[in-house]
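Hi,

Here is the structure I promised to send over. My notes follow below it.

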Amino acid sequence: MPLDSLTYVLDDEDEGLTAPNPHLIFIPPELFYRASSPPPCCLFGPKFCLSFPKTFHIREKIRMNREDCFKVYDSDGNECFKVSNPLKTMRGKHVISNVDGEELVKLKKKLLSLHPTWHLNSGPCLESRLATLVFELTMLKKKGHVYVYEKPYPHEDDDTDYEHLRPRLLIKSDSTGRDFKVYDEVTNEEYAEITKRTVGSTELLMEKDDYRVCINPGVDVLFMISLALMYEYALTDIEN
């Protein structure tokens, strides 16, 4: 079942997001996705989808500071989101906020699992589990399966139960894991492409990681940014 058949998680009347597209406010409203058909990949509502391809940059702050981990900018240098680890839980929990400090998404690592697993939580108090990313590692490739829940959403502390679901999205990368793409699991339609900038040995301690996220029209920006971060966290956990 494609994502356009899902009930949107955050509608205008939902708690937590009452202003139209608060973190993409620099984009004129006429450029939001307003096609006659639903967006092809939308989790947080059409107001998070654009009618044109857009490139974003996820930039990590200096590695020794883990409290304020990433900031997200568009291709014109406008800040869109910031990512923090407020509890300093060694990447166990991360919160994505808009530029006004409003918390939108919580990314939470599952501590005991056969494969590296991350949950995407949102809704009131960021306690509703909306999606789960399960990372799979082989000798030749790295990939992740994304399972999307339907209402009523499980609480973030509920047992992980996605075996009855089939993956909605597939994330595939090469053997290095630096470049990866997000696809529809059924149609194989590409939704986003993420490229990681190579960091030289002299830059390792002082320079930022830089991810370029190219998102296609009608694809949920907040959802793709969240998946890119969870995939990077899972890959980093494996490398460490």
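Is cysteine 80 buried or exposed? Cysteine 80 is buried, at a relative accessible area of 0%, where buried means under 20% and exposed over 50%, with partly exposed in between (1.4 Å probe, protein chains only). Cysteine 49 is buried too, also at 0%.

Before you dig in: this is a predicted model, so local features need pLDDT of at least 70 and side-chain atom pairs pLDDT 80 or more, while totals for chains, interfaces and linings use all residues. Residues are numbered from 1 along each chain as its sequence is written, and side-chain values use heavy atoms, without hydrogens and water.

On disulfides (cysteine sulfur pairs within 2.5 Å), the count is 0. For cysteine 49, the closest cysteine sulfur belongs to cysteine 42, and at 3.6 Å that is too far for a bond.

The largest nonpolar core (buried Ala, Val, Leu, Ile, Met, Phe, Trp, Tyr and Cys joined through side-chain atoms within 4.5 Å) has 55 residues. Leu120, Phe223 and Met224 have the most contacts inside it. Leucine 120 touches (heavy atoms within 4.5 Å) residues including Leu43, Phe44, Val105, Phe223 and Met230, leaving out those up to four places away in sequence.

As for the second largest cavity (points on a 1 Å grid over the protein atoms alone where a 1.4 Å probe fits but cannot get out), its volume is about 30 Å³. Its lining (residues with an atom within 4 Å of a point) includes Leu50, Phe52, Lys54 and Ile215, and divides into 6 nonpolar, 2 polar and 1 charged.

Cheers

How values were computed:
1 Å grid on protein atoms, 1.4 Å probe; cavity = no way out; pocket = protein on both sides within 12 Å on 5 of 7 lines; lining within 4 Å. Points joined across faces, edges and corners; volume = space filled by probe spheres on them. Nonpolar A, V, L, I, M, F, W, Y, C, P; charged D, E, K, R; others polar.
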